[in-house]
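Open the model in your viewer and keep the selection tool at hand. The stops below go from the whole chain to single residues.

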Amino acid sequence: MEKTVPASKRLMKSSKSRMNGEFTGRLLVTLCALIMIAATVSITIFLGTKGLQAFIKNGVNPIEFLTSANWNPLKEKPGYGALTFIFGSFAVTLLSALVAAPLGIGGAIFMTEIAPSWGRKVLQPVIELLVGIPSVVYGFIGLTVLVPFVRHHIGGLGFGLLTGTVVLAVMILPTITTIATDAMSTLPKNLREGSYALGATRWQTIRKVLIPAALPSLLTAIVLGMARAFGEALAVQMVIGNSRDLPSSILDTAATLTTIITLNIGNTTYGSVENNTLWSMGLILLIMSFGFILLIRYLSSRRKL
């Protein structure tokens, strides 16, 4: 006859197995978290060390670096001013956000409040497909379609802030739309029902109830889109013109921190003054990334729902 295992022993064995599984899971999660923290700290230390060498080792004036538009590292009297590229990064980021934010939030409102039930099922996958398109494809389309269109119908060379703004706006639109859609769809139903019960129309409910309630999440979506736009390199590099002069209009050519780094880093000697100043530009990008993250966390803490 088969031996029957007492219930107490089976319970102890099951409890021990569950504890082992919980310990293993906790260990794996902790290990992953430690790896992420170590990678972030390592990148920050490395980039901080390399970015400061231009000021400490090579004697570049940090004030001149941030406020001068003179970038001529190969001349007899070289200049290492990054103001042109800092201005270009902020200009193209803010302009693209101004274009993409209304479109993204409007699309989110349409999918969650206006379109029929099948509308979101069709539109959401279409918008999310744009996220998977490589940035080089956006840049190539902008180079072959948008640049000639701007040159022939608007003016200028076709390369410039306007073209870069349109390309970046299309790139960050799916990010803003997706996050804004999630924010609008997670609002409690009693907000809508209470507004309708008080006699408000659908547009009044959207404008005066739903948008204010979801505003922190909507702002978070915009900031995330701006963070992606600020760090984009290849697509912008193909259409912005990569000029070292400050643009005087939206049709003028410009350059960003990312484009000048990708163009010049391969042509410099490791440890040279120009190489170190390019690392300093990378440090500015890292600081701005941290700034965007802090802003997102602040906006997230203000969510009321």
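Select the charged side chains of this predicted model. The chain has 25 positive and 12 negative charges, and the mean positions of these two groups lie 12 Å apart.

Now show the whole surface. About 17500 Å² of the chain is exposed, and 69% of that area comes from carbon and sulfur atoms. Buried residues account for 38% of the 305 residues.

Switch to the C-alpha trace. Along its principal axes, the trace spans about 95 × 60 × 35 Å. The radius of gyration is 26 Å, whereas a compact globule of 305 residues would have one near 19 Å.

Next, turn on the cartoon. What elements does the chain hold? It has eleven helices and two strands. In sequence order, two helices come before the two strands, and the other helices follow.

Select Trp71, Phe85, Leu257 and Met281. Within the largest nonpolar core, which has 36 residues, these four touch the most other members. Colour helix 3 (83-114), helix 6 (161-185), helix 8 (202-231), helix 10 (257-264) and helix 11 (273-301): each gives this core at least two residues. Which helix gives the most? Helix 8 does, with eight residues.

Stay in this core and centre on Leu257. Beyond its neighbours within four places in sequence, Leu257 contacts Phe85, Ile86, Ser89, Phe230, Met281, Ile284 and Leu285.

For the last stop, select Leu146, Val167, Ala235 and Ile240. They are among the 22 residues of a second, separate core.

Conventions:
Residues are numbered from 1 along each chain as its sequence is written. This is a predicted model: local features need pLDDT of at least 70, side-chain atom pairs count only at pLDDT 80 or more; totals for chains, interfaces and linings use all residues. Side-chain values use heavy atoms; hydrogens and water are left out. Helices (H or I, at least four residues) and strands (E, at least two) are DSSP runs, numbered from the N terminus. The radius of gyration is taken over C-alpha atoms; the globule rule is 2.2 Å times the number of residues to the power 0.38. Buried means under 20% relative accessible area, exposed over 50%, partly exposed in between (1.4 Å probe, protein chains only). Accessible areas come from the Shrake-Rupley method with a 1.4 Å probe; for residues, only the protein chains shown count as cover. Lys and Arg count as positive and Asp and Glu as negative; His and the chain ends are not counted. The place of a charge is taken as NZ of Lys, CZ of Arg, CG of Asp or CD of Glu. A nonpolar core is a set of buried Ala, Val, Leu, Ile, Met, Phe, Trp, Tyr and Cys residues joined through side-chain atoms within 4.5 Å. Contact means heavy atoms within 4.5 Å.
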